[in-house]
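Reader: I should like to examine the terms used for this model one by one. Please set each value against its definition before drawing a conclusion.

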Amino acid sequence: MIPEFLLRAWLAGLTLAAVAGPLGCFVVWRRMAYFGNTLAHSALLGVTLGLLIGVDLVLAVAAVAVVVAVLVVALQQQRRLATDTILGILAHASLAIGLVVLGLAGSVRVDLLGYLFGDILAVSWGDIVAMGVGGAAILAFLAAAWRWLLFATLHEEMARAEGARVLALRLALMILIALVIAAAMKIVGILLITAMLIIPPAAARPLARTPEQMAVLAALAGMVAITGGLALSWHLDTPGGPSIVVAAMALFVATQSTAAVRAVLSER
Amino acid sequence: MATAAFDPPTKPLVAIRHAQVRFGHVVALDDVDLTIRPGEIVTLIGPNGAGKSTLVRVVLGILRPRRGRVERRPGLSIAYVPQRLAIDASLPLNVDRFLDLPHRHSRGEKRAVLADVGLADVEDQALATLSGGQFQRVLLARALLAEPDLLVLDEPAQNIDYRGQIELYRLVAELRKTRGCAVLLVSHDLHLVMRATDRVVCLDRRVCCAGAPETVGTDPVYAELFGATAATTLAPYRHRHGDGDGRVVPFEARRGGA
């Protein structure tokens with residue numbers, strides 16, 4: 001019998017992996033990894049504001065991340081600065097503002113470490129239900145818009161010429177990433193959130209022949225990482241979030257080296 | 001409607017009038033007119049920086065000119081084959097799934113359209129493993145699946161070899177005949193394009209000259225724009241096909257005479 005708190009942690013992790021896999025594929029295909037990092041940096045500001053105003057922290061983090069995402073798109077439309085510069089400015093500015101606000105609000109005590117590295121064992125049943133409902137909605141959107149999203153990912157102008165609302169699709173993806181990052185905060189923590197969006201798709205890539213296969217395999221890879229990481233954490237008493245990321249990394253190394261070995265063998 | 005009386009028997013798919021496009025202080029297009037009628041092949045030529053791609057973006061509806069009018073026939077369906085399509089190595093995509101973008105098609109439809117562009121048994125191949133010529137045909141096949149009224153090809157011959165270009169242009173000419181769609185083709189190679197084309201529009205921010213291929217080929221404005229080298233580059237080809245008077249003849253006639 002596994003303890004209930006571990007079961008809750010596992011279910012929450014599986015839900016996150018199911019959504020982060022397919023969504024993470026777009027992060028990888030569209031080279032948005034640094035964008036994910038920027039939103040993660042802004043999460044601390046979200047936490048601080050949430051505590052100050054007294055609203056649900058996941059909502060506060062999601063709201064700040066969505067604002068940052070919209071700012072990124074708005075600044076990109078100016079075409080004066082490269083995207084990585086824009087992302088760097090917003091990442092560090094939001095982190096700095098978060099820390100300054102935290103300093104100003106001296107009365108609020110924050111368990112910074114818990115937010116930075118996650119506290120997956122503190123997940124409640126309510127969290128799991130909320131993640132399940134939100135995750136299902138995100139997956140439904142991805143399924144409905146899948147081909148247009150892929151098309152716009154391949155070539156924005158080709159997609160626009162044939163009727164895709166490219167800006168709306170990009171904004172939708174960014175908002176979904178913001179939501180997933182907010183939800184993942186408890187599980188892997190602010191510092192490691194992007195790992196769950198990037199490592200499972202990267203691990204799935206050598207095994208996939210179509211985008212759909214890659215999305216499904218990425219979700220499965222994430223679930224394996226969650227399971228392995230929690231097992232590691234349980235047996236060796238290591239922190240949950242980092243253990244999950246280590247497990248995901250091990251999976252990535254395994255599929256990459258298998259692919260490399262196979263490539264060498266097939267060349268003979 | 002007052003204007004209806006002046007419309008030609010076939011209403012244009014796209015009619016651009018006096019279009020001006022500026023990027024900051026740079027005038028990319030100035031007072032440009034372009035009309036594309038159903039079923040005709042229009043070739044857009046001009047040197048680098050002439051605004052060809054800009055005009056294509058106006059036709060596609062991606063770019064709105066600062067001045068002038070753009071009229072599209074209501075319900076017009078446009079398919080676009082871009083100049084370049086770089087597929088990120090992280091995206092596994094085979095031909096079959098690519099043809100499903102943005103709308104899903106049956107296996108049979110996909111096989112048929114691949115046959116139309118002269119490809120067979122490539123459905124399961126990754127796009128990244130195709131040759132330049134094959135890739136170009138797959139792009140064309142995807143565009144055709146939408147059964148467009150207008151097919152826009154932006155420098156389709158740029159990354160394929162000479163023989164591949166000839167093949168591609170012959171294919172485009174044939175597709176126009178069998179499918180009846182209009183084609184807007186961008187090229188900086190006048191010689192290869194002219195054979196199948198109905199009308200050439202030569203662009204250098206403004207329309208320098210426009211008309212049937214024969215007219216443009218002999219127009220001094222064109223020679224001035226591209227320099228004398230163009231003439232020598234084109235000459236061996238003309239010679240090989242035996243029409244020594246320098247007049248450009250339709251592709252079929254040329255083949256018959258060769």
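Reader: How many residues of chain B are in contact with chain A, and how many of chain A?

Author: In this predicted model, local features need pLDDT of at least 70 and side-chain atom pairs count only at pLDDT 80 or more, while totals for chains, interfaces and linings use all residues. Residues are numbered from 1 along each chain as its sequence is written, and chains are lettered from A and ligands numbered from 1 in the order in which they are written. Two residues are in contact if their C-beta atoms, placed from the backbone, lie within 7 Å. On that criterion, 19 residues of chain B touch 20 residues of chain A. Strand S5 (residues 78-81) of chain B gives the most to the chain B side, with three residues.

Reader: What is the make-up by class of the side of chain B that touches chain A?

Author: That side has 14 nonpolar, two polar and three charged residues. Here Ala, Val, Leu, Ile, Met, Phe, Trp, Tyr, Cys and Pro count as nonpolar, Asp, Glu, Lys and Arg as charged, and the others, Gly among them, as polar.

Reader: How many helices and strands does chain A have, and how many does chain B have?

Author: Helices (H or I, at least four residues) and strands (E, at least two) are DSSP runs, numbered from the N terminus. Chain A has eleven helices and zero strands, and its pattern along the sequence reads α-α-α-α-α-α-α-α-α-α-α. Chain B has ten helices and nine strands.

Reader: What does the radius of gyration of chain A agree with?

Author: The radius is taken over C-alpha atoms, and the globule rule is 2.2 Å times the number of residues to the power 0.38. For 268 residues a compact globule would have a value near 18 Å; chain A has 19 Å, so the two agree. Its C-alpha atoms fill a box of roughly 65 × 55 × 30 Å along the principal axes. Among contacts in chain A between residues at least 6 apart in sequence, 74% join residues at least 24 apart; in chain B the corresponding share is 68%.

Reader: Why is A:Gly240 called buried?

Author: A residue is buried if 20 or more other C-beta atoms lie within 10 Å of its own, exposed if 12 or fewer, and partly exposed in between, with C-beta atoms placed from the backbone. A:Gly240 has 27 such neighbours and is therefore buried. This residue lies in helix H11 (residues 240-267) of chain A. Leaving out residues up to four places away in sequence, A:Gly240 touches seven residues, among them A:Ala9, A:Gly118 and A:Ser233. Another of its contacts is A:Ile120, 120 residues away along the chain, with 6.3 Å between the C-alpha atoms.

Reader: Why does B:Glu167 count as partly exposed?

Author: B:Glu167 has 17 C-beta neighbours inside 10 Å, a count in the intermediate range, and is therefore partly exposed. The residue belongs to helix H5 (residues 162-179) of chain B. Buried residues make up 36% of the 258 residues in chain B, and 47% of the 268 residues of chain A.

Reader: What makes helix H9 of chain A largely enclosed?

Author: Twelve of the twelve residues of H9 (residues 193-204) are buried, so the rest of the structure largely encloses this helix. They include A:Ile193, A:Pro200 and A:Ala204. Their packing partners in chain A are helix H1 (4-29), H2, H8, helix H10 (211-236) and H11.

Reader: Why are H6(A) and H8(A) called roughly antiparallel?

Author: Axes are lines fitted to C-alpha atoms, for helices over the stretch in contact, and angles run from 0 to 180 degrees between N-to-C directions. Angles under 35 degrees count as roughly parallel, over 145 as roughly antiparallel, 65 to 115 as roughly perpendicular and the rest as oblique. The axes of H6 (residues 125-154) and H8 (residues 166-188) of chain A come within 11 Å and cross at roughly 155°; the pair is therefore roughly antiparallel. By class, their contact has twelve nonpolar, one polar and two charged residues.

Reader: Why is H2(A) oblique to H8(A)?

Author: Helix H2 (residues 33-53) of chain A packs on H8(A) at about 50°, with the axes 10 Å apart. That angle falls outside the three named ranges, so H2(A) is oblique to H8(A). The contact is made by A:Gly36, A:Leu39, A:Ala40 and A:Ala43 of H2(A) and A:Ile177, A:Ala178, A:Ile181 and A:Met185 of H8(A). Seven of these residues are nonpolar, one is polar and none is charged.
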